[in-house]
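Thanks for coming. I will take a few minutes to go through one model, going from the strands to the cores and then to single residues.

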Amino acid sequence: MSKKIMIVDDAAFMRMMIKDILVKNGYEVVGEAANGVEAVEKYKELKPDLVTMDITMPEMDGVTALKEIKKIDPNAKVIMCSAMGQQAMVIDAIQSGAKDFIVKPFQNDRVIEAVRKAVG
């Protein structure tokens with residue numbers, strides 16, 4: 001059975017890019033969210049095996065959403081996606097329980113490596 005992944009990013013183009021990489025590598029994308037509030041709601045509903053979470057988003061940023069998801073499910077697996085220069089937020093995310101982080105623009109190999117490390 002393929003791993004179920006939810007993609008969270010406020011940019012539809014970025015969600016499409018990640019989805020493309022994941023689907024081509026045999027993963028199933030079960031949902032998408034455009035901000036942290038949506039991400040937390042959809043996590044409860046979809047219970048994905050993994051979440052890719054953008055850091056900078058409107059309404060609720062990725063680090064806050066990560067913390068909320070971890071409250072719902074302490075075993076949640078989340079990979080943060082960041083632009084260059086967001087090191088402080090990446091460190092905060094890792095300390096808050098993120099499994100890994102990938103940097104934009106995405107490199108296929110790095111995305112798949114992070115996903116495999118997190119969920120196999």
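**Strands, cores and three residues**

A right-handed β-α-β unit is formed by β3, helix α3 (residues 62-72) and β4. Bear in mind that this is a predicted model.

The next crossover leads on from there: the chain leaves β4, passes through helix α4 (residues 87-95) and arrives at β5, again as a right-handed β-α-β crossover.

Now the pairing. Strand β3 (residues 50-54) and β4 run parallel and are joined by four bridges. On the other pairing, β4 and strand β5 (residues 100-103) are also parallel, with four bridges. Cys81 is a handy place to follow this: Asp54 has Cys81 as its bridge partner in β4, and Cys81 has Ile102 as its bridge partner in β5.

How many residues of strand β4 are buried? Five of the five, over residues 78-82, so the strand is largely enclosed by the rest of the structure. As a reminder, side chains in a regular strand alternate between the two faces of the sheet. In β4 both faces are covered, with Val78, Met80 and Ser82 buried on one side and Ile79 and Cys81 buried on the other.

That brings me to the cores. The largest nonpolar core has 21 residues, and Val8, Val51, Met53 and Met80 are those with the most contacts inside it. At least two residues of this core come from each of β1, α2 (36-46), β3, α3, β4 and α4. Helix α3 gives the largest share, four residues.

Val51 shows what such a position looks like in terms of contacts. Setting aside residues up to four places away in sequence, Val51 touches Met6, Val8, Tyr43, Lys77, Val78 and Ile79. There is also a second, separate core, this one of 19 residues, and Cys81, Val111, Ile112 and Val115 are among them.

Next, two aspartates. Asp54 sits in strand β3. UniProt, in an unreviewed entry, lists Asp54 under "modified residue: 4-aspartylphosphate". Is Asp54 buried or exposed in the model? It is buried, with a relative accessible area of 3%; the cut-off for buried is under 20%. Beyond its neighbours within four places in sequence, Asp54 is in contact with Val8, Asp9, Asp10, Gly62, Met80, Cys81 and Lys104. Met80 belongs to the list of residues with the most contacts inside the largest core, and Cys81 is the bridge partner of Asp54 in β4.

Asp9 is the other one. Asp9 lies in the loop between β1 (4-8) and α1 (12-24). Asp9 is buried as well, at a relative accessible area of 0%. Not counting residues up to four places away in sequence, Asp9 touches Met14, Arg15, Ala33, Ala34, Asp54, Met57 and Lys104. Lys104 therefore turns up in the contact lists of Asp9 and of Asp54, with Asp9 buried at 0%.

Last, a residue with some exposure. Where is Lys99? Lys99 is in the loop between α4 and β5. Lys99 is partly exposed, with a relative accessible area of 47%. Lys99 and Val78 are 21 residues apart in sequence, yet their C-alpha atoms are 5.7 Å apart in space. The contacts of Lys99, without residues up to four places away in sequence, are Lys77, Val78 and Ala118. Val78 is one of the buried residues of β4, which brings us back to that strand.

Definitions and conventions. Residues numbered from 1 in each chain as written. Predicted model: local features only at pLDDT ≥ 70, side-chain atom pairs only at ≥ 80, totals over all residues. Heavy atoms only, no water. Buried < 20%, exposed > 50% of the residue type's maximum accessible area, 1.4 Å probe, protein only. Pairing = 2+ DSSP bridges. Right-handed = clockwise from strand over helix to strand, strands pointing away. Contact = heavy atoms within 4.5 Å. Core = buried A, V, L, I, M, F, W, Y, C linked by side-chain atoms within 4.5 Å. UniProt positions renumbered as here; feature names shortened; annotations may be inferred.
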